[in-house]
Amino acid sequence: MEVSEDYLTGVAVNGTTADLEVGGAIGGWAFSNAINPLQSGRPLYYYVDANTVVALNASTATDAAGNNYVNLKKFAAEEENNYDALKFTLVEAAPMTLTASQINTILGTQEATEGVQLTFDPNKNKTSQVNYFTDAPFLAEEIEGDDTWVRILNKEDEKYVYVDTAYVNNNGERFLGFNTTDEELGTDIDDQSKFTFTYWPSIDSLVIQVKQATYDADEDGFANDFVNALTVDGNVSVTGVSEDDKNYVTIQDLVSADDIRIVTIYGKKETEIKFNLGTCGEPAQKHETTIAEGLYLIKNKAGKYLAMPIHEDSTYHWVSLEANVNPWDMPSFQWVVEHTSKKDNSPISIINREFGKEKGTVAASLQLKDNADAVINGEAVQVVVKTVGEADTDKAGFQKATSAIMSNKYLGYRFLDKDSLTVTSYKLKYWTSFASDDLYMGAMKSGDSVIYVGAKDNYVLKATGDAANYGYKGNVSGLSQLVRQAYTMKSKGSDKMVVEAGENRIAVSNATNAQIAKFFFKANNNVEGTIYYALVDTAYKMAPDSLRKVGVDENNKYLKRQVMTETRTSAFTVEVDNAPLYRRFNSALEGVAGDATDTLRFFERYRNEYLQLEANKNFMVEGIQFLGIDAADKAKDGLSFIVDTAWVERAGSRGYIKPQYLVSLASETAPTITIVERCPVCQALIEAGKDAPEQCIHDKVYTVPGHVRGHYLVNFVDSVAANNSNNAIAKDYNWGKYSRVGFVDGVHVGDSLYLLIGQFAGIATKDIDLSAIKKANDKYIADGGAKDRNGNGYYIKNLRGDAHKAYTWSFRYVDTDAAVEEIEEPNRSFLFESLPLNAADVIAPSKASWLKMQNGCLVMSDANASTFNEVITGGDDALIFNVEPGSKDDIATDAIAPEVSTISVTATEGAVVIKGAAGKTVTISNVLGQTIANTVISSSEATISVPAGVVVVAVEGEAAVKAIVK
């Protein structure tokens, strides 16, 4: 008898527990301090630990008949172990006639379906005869209306055992044998298949008798004439009447000298028959064993797996493993095994990992044996354990999961992390072994909204509700709690939601929340390592006949809702659509492999016109360089543009998905240079004409980063916003309600774009001082100047980050599927993408501004009204482009050349000479920033006296320069 340790929680010494129910970890009760003789009037007790015991105690509560319930009472352990609790005395038990249930469960020690095998001592020997009571498991069947007798069914061939009418031997005293049949015996000998079992529990001894046996008393060979034999007096031996002939099942020596023995019926019992439960003096070999706690697949001897399959409405069954099914993908095939006691060979509980205790408990407390198969859900399972990866794992009855399988909390259902959802679209491929082509689900771009297989579409998935725990993990070490997430689906092709539609169909629609489908993606098939998922409605607790999973109508390939018990389950991949969303200029198609700077020509897909500097006077504004489009022979300043990476392959970014580029006109490159400012001591030595060390630890070293100067293509939307207070200026950057596109002088340095505007407009490349631009930008911000949409100041624009920018460009593919193949026009055509309607839509916005033509003028489309799907179906005027390799000889040049400075600064002994700066203010300071001179120059050449050393000369409108005065 075993009870749960939970009863002891919070119970102090001399306290009592609640009334007990059988089942738990406490077992193996102690009784007597001595064996010979056994003590009487003793408690049944159990050591909780070295200092504490609990004993069975009479509760004050009683049942309807007045019998007391039993609880546990806790005591401090004592040497005599004679505690004030219920007292017991061991007495010999009276014999009992066993029922079929008592036989099959061996008095409650095993499952009723496991089968019984007795031990005979001695047993048959040196004979081919079968002993149906010891050689194979048998089951006892009740006989209606008679509890005394049972029939014996051989478990392996399901035939009934009976006492035969033929003798086993021909010489000497003859003995009847046994046989089996699956047919009715007939009225005359039906009693020869009825047996009674009498059991003496104290000595584990059985007596088995058959109700009737028929002999050939007059030796007339009745075996060949059985009907006549029944009429001969003395032939029929019957048990249980006044002339009780006993009819014991026993063992008989046939040839004692040769030790030949047979099993037969006789009037005297000459063998000891046992269940092998043992006695007080002879403990039985229980053959109890157990397996480690863990996660298992369970396979019966017939080769079937225990599972709770989707089409059986998740009740457990033995199922044949179909092709393209991997049970380790599906928690419904996996079983959590736990020990139910602390015994070395504890019984085990078996609970389904997906459906838990309520629906998935196949065994609450199963005792495994090392000499017999386990009987689970009515089938024999070998008690053999193999871990995945070991040889012949698939042949074992218990197939143990690896730690990797146990720790995967997302196993069984497709789970998509938030980052994947924001940057990735998905496609769903239908699994069928009858189609040669990949069949993806989708709806037509226009017309019929019903989804079917064969019309590929891409879907944006979005988590709906929170990820939820499900299933069972128990207390198994290393086994993760399973988690699943439901998703909505939005078609990228139609920009509509996937919904549950009329006639039980699945469609796309601009639907209300109530209609939007919310799916779990439940693993169902595994084809060469690719998992296919059933689409299951999130209302998974609904009745079996409700519409809960998505199926494919084989008549028209439409997707429809099905009941869970539909035998066939349709399954789909939920795979990342690896078709690129944006063009990346890193293939040989652009003329330069890799992400190096490209020189490219952009041409419009349908009219074959090329981007170029705007030359149409109707669209030109003095002082502004706009982008234009026209036939190739109309270009006055070249057709090629320089395309350089701004934000592409960066750790932790999405630049690999949406590359951003700078597009510019002819450029000038300045290398990185290093300036060394000598320390005062060394400088004094040099000025004195003495030797100084080439390198001094006190020298100051400055690095001026290299940069690329060019006129960069920008969306003038910020110029419009910055001049809203001056409609005349703002109008210059607009064409009607649309912002225009053009070029701004700037310097590309690392991840920044320095704009040469305002006080830096027209500066000579050699005179660019990045630190001065930074200082001006910092001052602009400090003075409260308005920042742009990306948080930048007036002069410096940050190129970092995945957000769209008005000064970088991304090239959005029109047909992502075709773009997978690196084949030029029209496969890799694209849009010039600038700013989205919603700044949060950093990847593939459905509404954004794209380069378009408005009455012949290039502008950016209105993001409020321009949708991607309208563009690709011809419903919008956005222009579709492709590229071809350009030429350095054909690069579009600046329409307005920057003014070249004619001012020069020369150091001489004790002075600096400034030429070409008449009317400008000049400021001279030392390296400490202290002003030495500040004056307005009145002539074309001026000499200003200054102390010897390094000085900084700043002429109004020019970059500051350093000079060494001797």
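**Exercise 1. Strands 61, 62 and 65**

Task: Find how many bridges join strand 61 to strand 62, and in which sense the two strands run.

Solution. Step 1: This is a predicted model, and in it strand 62 covers residues 911-915. Five bridges join strand 61 to strand 62, and the two run antiparallel. Step 2: To place one pair of residues, take Ser904, which stands opposite Lys915 in strand 62. Step 3: Now add the third strand. The open sheet has the order 61-62-65, with antiparallel pairing. Step 4: Strand 61 (904-908) and strand 65 (941-945) each have a single partner strand, so one side of each lacks a neighbour in the sheet and both stand at the edges. From one strand to the next, the twist averages 20°.

A general point helps here: strands of a sheet pair through backbone hydrogen bonds, in either a parallel or an antiparallel way.

**Exercise 2. Strand 37 and its hairpin**

Task: State how strand 37 pairs with strand 38, and what lies between them.

Solution. Step 1: Strand 38 spans residues 530-537, and strand 37 pairs with it in the antiparallel sense over eight bridges. Step 2: One of the matched residues is Lys522, whose bridge partner in strand 38 is Ala534. Step 3: The two strands form a hairpin with two residues between them. In the turn, Glu528 has a positive phi of about 55°. Step 4: Check the surroundings of strand 37. Nine of its nine residues are buried, so strand 37 is largely enclosed by the rest of the structure.

**Exercise 3. The nonpolar cores**

Task: Name the residues of the largest nonpolar core that touch the most other members.

Solution. Step 1: The largest core has 46 residues, and Leu461, Met489 and Phe521 touch the most other members. Step 2: Strand 37 (residues 519-527) supplies the largest share of this core, three residues. Step 3: Look at Met489 in detail. Leaving out residues up to four places away in sequence, Met489 touches, among others, Leu428, Met441, Tyr459, Leu461, Phe519, Phe521 and Leu535. Step 4: A second core, separate from this one, has 30 residues, including Phe138, Val161, Leu206 and Val210.

**Exercise 4. The loop between strands 9 and 10**

Task: Decide whether Ser193 is buried or exposed, and find the polar contact of its side chain.

Solution. Step 1: Ser193 is in the loop that runs between strand 9 (176-181) and strand 10 (195-200). Step 2: The cut-off for buried is under 20% relative accessible area. Ser193 has 4%, so Ser193 is buried. Step 3: The side chain of Ser193 makes a polar contact with the side chain of Arg151, at 2.4 Å. Step 4: Beyond residues up to four places away in sequence, Ser193 touches Val150, Arg151, Ile152, Val161, Tyr162 and Leu185.

Step 5: Repeat the test for Ile189, which is found in the loop between strand 9 and strand 10. At 12% relative accessibility, Ile189 counts as buried. The C-alpha atoms of Ile189 and Thr165 are 9.0 Å apart, while the two residues are 24 residues apart in sequence.

**Exercise 5. The whole chain**

Task: State how many helices and strands the protein chain has, and what share of its residues is buried.

Solution. Step 1: The protein chain has 11 helices and 67 strands. Step 2: Of its 966 residues, 47% are buried. Step 3: Among contacts with a separation of 6 or more, 58% join residues 24 or more positions apart. Step 4: The accessible surface of the chain is about 46700 Å², and carbon and sulfur atoms account for 47% of that surface.

Definitions and conventions: Residues are numbered from 1 along each chain as its sequence is written. This is a predicted model: local features need pLDDT of at least 70, side-chain atom pairs count only at pLDDT 80 or more; totals for chains, interfaces and linings use all residues. Side-chain values use heavy atoms; hydrogens and water are left out. Two strands pair if DSSP finds at least two bridges between them. Helices (H or I, at least four residues) and strands (E, at least two) are DSSP runs, numbered from the N terminus. Axes are lines fitted to C-alpha atoms, for helices over the stretch in contact, and angles run from 0 to 180 degrees between N-to-C directions. A nonpolar core is a set of buried Ala, Val, Leu, Ile, Met, Phe, Trp, Tyr and Cys residues joined through side-chain atoms within 4.5 Å. Buried means under 20% relative accessible area, exposed over 50%, partly exposed in between (1.4 Å probe, protein chains only). Contact means heavy atoms within 4.5 Å. A polar contact is a pair of N or O atoms within 3.5 Å; within protein, one must be able to donate a hydrogen and the other to accept it, and residues adjacent in sequence count only if both atoms are side-chain atoms. Accessible areas come from the Shrake-Rupley method with a 1.4 Å probe; for residues, only the protein chains shown count as cover.
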